[in-house]
Protein chains: 2
Amino acid sequence: MAFHPAPSINLSRLRELLDGINQFGREDDSPGLNRSAFSESDMAARRWLVGQIEDAGLHADIDAAGNVIGTWRVEGDAPLVMVGSHTDTVIAGGAYDGALGVAVGLECIKAMKEAGVAPARSIAVVSTSDEEGRFGGMLGSEALAGIVTEEWVQSSVDADGIRLWDVMSAAGFDPARVSRAALAKGSVAAFVELHIEQGPTLEKAGKPIGLVDVISGVCNWTIRLKGVANHAGSTPMAERADAFAGLAEVAVAIPEVIAAHGTDYAKITIGKVDLQPNTPHTIPGEAEFSVIFKEAEEAAMRRLADGFAEHVRRAAQNHRLEHEIEEHSWLPPVALDTDLRQAVREAAEAKSIDYLVLPSGGAHDAQTMTALCPTALIFVPSKGGVSHSPDEQTSWDDIAIGADLMLATLMRLTTSTRS
Amino acid sequence: MAFHPAPSINLSRLRELLDGINQFGREDDSPGLNRSAFSESDMAARRWLVGQIEDAGLHADIDAAGNVIGTWRVEGDAPLVMVGSHTDTVIAGGAYDGALGVAVGLECIKAMKEAGVAPARSIAVVSTSDEEGRFGGMLGSEALAGIVTEEWVQSSVDADGIRLWDVMSAAGFDPARVSRAALAKGSVAAFVELHIEQGPTLEKAGKPIGLVDVISGVCNWTIRLKGVANHAGSTPMAERADAFAGLAEVAVAIPEVIAAHGTDYAKITIGKVDLQPNTPHTIPGEAEFSVIFKEAEEAAMRRLADGFAEHVRRAAQNHRLEHEIEEHSWLPPVALDTDLRQAVREAAEAKSIDYLVLPSGGAHDAQTMTALCPTALIFVPSKGGVSHSPDEQTSWDDIAIGADLMLATLMRLTTSTRS
């Protein structure tokens, strides 16, 4: 057996790759990155990534659900190890959320190839589609895991009422074939993902690495309140049916709902609000708004949702409004694989990397992929806990530690075919 | 002196005229009428009205501020009597707000001409521009009254940040010449306006007519709250700077502010809300919203505004937000002319028309025109108090009574040159 140097991360090459992804999605009228799922910029980034994967000597593919997959194929039938994250972003998102995990995955493979590593099983890097849940789920990893239904693909719409079916068709996909993206059970040994924390816990604890034990559940609602649009100057306060006043009453009840029903990890967010007619001199006749629930325990998430709905009913009654609650998705909290986390932990300890075991507030592909295989999720710190914002940042010192850990983990997982 | 029949309103002709105005401003993507000031539909309606005025044998003009004026000129130097209202609408507005008063004014003149009335002074019907305050004031009547400053015309923007200067230029006006629309002091003996009540008081009291004694003041603010856009799933509730949570806290304080500082006529409305980035999975980093204050007494309006601002400061502090309050306009409450109201009252009593004296919650041209001449404002009932909505309605029985009263009033004001 020939001697090879141990593989090591080329940080400037990693940085170039990340910058390359982030050349896509810059817009004049929206700050930060804008690679909304299946948008032109999202698809352009995916096509660019295919080129990078091919340049690295891997087999590249965009599957039926929009996932970009680059595979380093080796002989034999051993289940492969998958590494990656996503390259789609929220509107006005940051440069690290998703893209960093994809770039780190590809850099790890490049480093292994460069060092002449001969893995005992295939390794694939993936950029999943619509991880950010534009259409209410995580289409790409759900498709890989084989848990997307055709009915859902047909009925799913984004917050503006635009159909998944239509945007996939416009991007050149056949939405009827999404289920073909499913990977065979037993064909994947593990999915490992590196992602920014998107919260302040690691920074506050002074730890460069987080190992996630459980991913919070998420429930996604749209609520509509309907009152009467009326003249702001002449309608007595007591006779109004003000849809925005109803919404405000619901919004201020959030701390009370969490205190009554939630765990320490409970979060409720109203992120999107659209009023009708939305003009200064008219009482809002309609208010449509999004609600995102996050919880570490499913029973608590049920109680949060029920408690919130009760406030919606009460506010609707107080303000003489009709109300309608539409549930787009209900993803229960997911405990990640203990053995796989132990492998990451051992890799960290062997390199004297300090880490914290913590729950993830954000939903991630590592959550849905549990339906297919054991998964692990490695966090690197987010400066000030900021994410989903142009101000999102992670230091390159921390990125270097995270990439080293991912490389060590992949080496551990692929140097033998024991499953 | 030849015998002539008493003039009388031709109700079907009036209805045709109103329908004619309301053929403009129907849009596929917004219900009701959409004749926002200086929009294409607003200008189209104005040009159509010019044709109607000319067909009635009057002198027609669109002045430097966009007001349409039709004048029945008679010999002599006696100050003229002006009747009218406005034909611009809010977005998704109704068919009666403004347009009815213009149509009634022109129909009254037609009826007088038809009956061979020889008035002792000129009569003009007007449709003022931007009565609905798209640009934060009431441009048309303010220009007629000579109280528009060039600085205001230069700096004024609508709720979307679009400049008055730009839309006037696009509509073919020279905004630098707005002040030329001013009428000479002493040239107008009276301005009489018929308008829908836009509130429920007349309907509840079972009265077909309202005579307005005071018009509420109005104050128009835009408030900006700035926090941190952040991930909805991973940012702990206690560490958020959620601009919408701050706005909701302000909004629910409105009843308390009114109870503490307002009169029975106090109204505070948040009609327009824009969040950034306005996506479900991101905590709102910015909230911009409109606030409209209405009061019958200026001192109370000052207290309301101060009390509200205090809540804005408190909410900003509670939610770690920056805040900014921009005041677009401050129109004090205005008491209307007692003698002119007495003339309308006598006309009503002579015709056994039942009426109620009441304040107006809405701002009207009759308010700004007090800077030029005595003014009177006649209300007809609004079904259910609804206005600024496609559902706005006034019965034709009530319209007939209102038009009769306006005709009788104009006869009283124009058959002699006593001022």
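Start with both chains of this predicted model in view: a rotation of 180° with 0.1 Å of shift along its axis superposes chain B on chain A, with an RMSD of 0.1 Å. That is the relation of a two-fold axis. To find the axis from the side of chain B, select Ala248(B), whose C-alpha is the nearest of that chain to the axis, at 2.2 Å. The two copies use the same surface, since 100% of the contact residues of chain B recur in chain A.

Next, stay in chain B and select strand β3, residues 80-86. The strand is mostly covered, and seven of its seven residues are buried. In a regular strand the side chains alternate between the two faces of the sheet. With side chains displayed, Leu80(B), Met82(B), Gly84(B) and His86(B) point one way from β3(B), while Val81(B), Val83(B) and Ser85(B) point the other way, and all are buried.

Now add the strands that pair with β3(B). Strand β5 of chain B, residues 188-196, runs parallel to β3(B) and is joined to it by four bridges; within β5(B), Phe191(B) stands opposite Met82(B). Strand β4 of chain B, residues 123-128, also pairs with β3(B) in the parallel sense, here over six bridges, and Val125(B) in β4(B) is the bridge partner of Val83(B).

From the strands, turn to the aromatic rings, of which 11 pairs are counted over all chains. Select Trp221(B) and Phe293(B): their ring centres are 4.8 Å apart and their planes stand at 75°, so the pair is edge-to-face. Trp221(B) belongs to strand β7 (residues 217-226) and Phe293(B) to strand β12 (residues 286-295) of chain B, so the pair ties together parts that are 72 residues apart in sequence. Are these two residues buried or exposed? Trp221(B) has a relative accessible area of 4% and is buried, and Phe293(B), at 0%, is buried as well.

Keep Trp221(B) selected and add Phe308(B), with which Trp221(B) forms another edge-to-face pair, 6.3 Å centre to centre and with 65° between the planes. This pair, too, links distant parts of the chain, for Phe308(B) sits in helix α10 (residues 298-318) of chain B, 87 residues from Trp221(B) in strand β7. Phe308(B) counts as buried, at 0% relative accessibility. If you then move to chain A, Trp221(A), Phe293(A) and Phe308(A) can be selected together, as they form one aromatic cluster.

Another kind of contact with a ring can be seen by selecting Arg302(A) and Trp330(A), where the charged end of the arginine sits over the tryptophan ring, 4.3 Å from its centre. In chain B, Arg302(B) lies over the face of Trp330(B), likewise at 4.3 Å from the ring centre.

The cysteines come next. How many disulfides does a search of the whole structure find? The search finds zero over all chains. Select Cys108(B) as an example: this residue is in no disulfide, and the nearest cysteine sulfur, that of Cys373(B), is 17 Å away. Seen from Cys373(B), the closest cysteine sulfur is that of Cys108(B), and the 17 Å between them is too far for a bond. Both residues are buried, with Cys108(B) at 0% relative accessibility and Cys373(B) at 6%.

The last stops concern the backbone. Select Gln276(A) and Pro277(A), which are joined by a cis peptide bond with omega near 0°; Pro277(A) lies in the loop between β10 (273-276) and β11 (282-283) of chain A. In chain B, the bond from Gln276(B) to Pro277(B) is also cis, with omega of about 0°, and Pro277(B) lies in the loop between β10 and β11 of that chain.

Back in chain A, select Phe38(A), in the loop between α1 (11-21) and α2 (40-55). Phe38(A) has a positive phi of about 70° although it is not a glycine, and this residue is buried, with a relative accessible area of 7%. End at Arg320(A), in the loop between α10 (298-318) and β13 (322-331) of chain A; its phi is near 55°, again a positive value in a residue other than glycine.

Methods: Residues numbered from 1 in each chain as written. Chains lettered and ligands numbered in written order. Predicted model: local features only at pLDDT ≥ 70, side-chain atom pairs only at ≥ 80, totals over all residues. Heavy atoms only, no water. Phe/Tyr/Trp six-rings, centres within 6.5 Å; stacked < 30°, edge-to-face > 60°. Helix = DSSP H or I, 4+ residues; strand = E, 2+ residues; numbered from the N terminus. Buried < 20%, exposed > 50% of the residue type's maximum accessible area, 1.4 Å probe, protein only. Lys NZ or Arg CZ within 6 Å of the ring centre and 35° of its normal. Disulfide = S-S within 2.5 Å. Least-squares fit on C-alpha atoms with pLDDT ≥ 70 in both. Contact = heavy atoms within 4.5 Å. Pairing = 2+ DSSP bridges.
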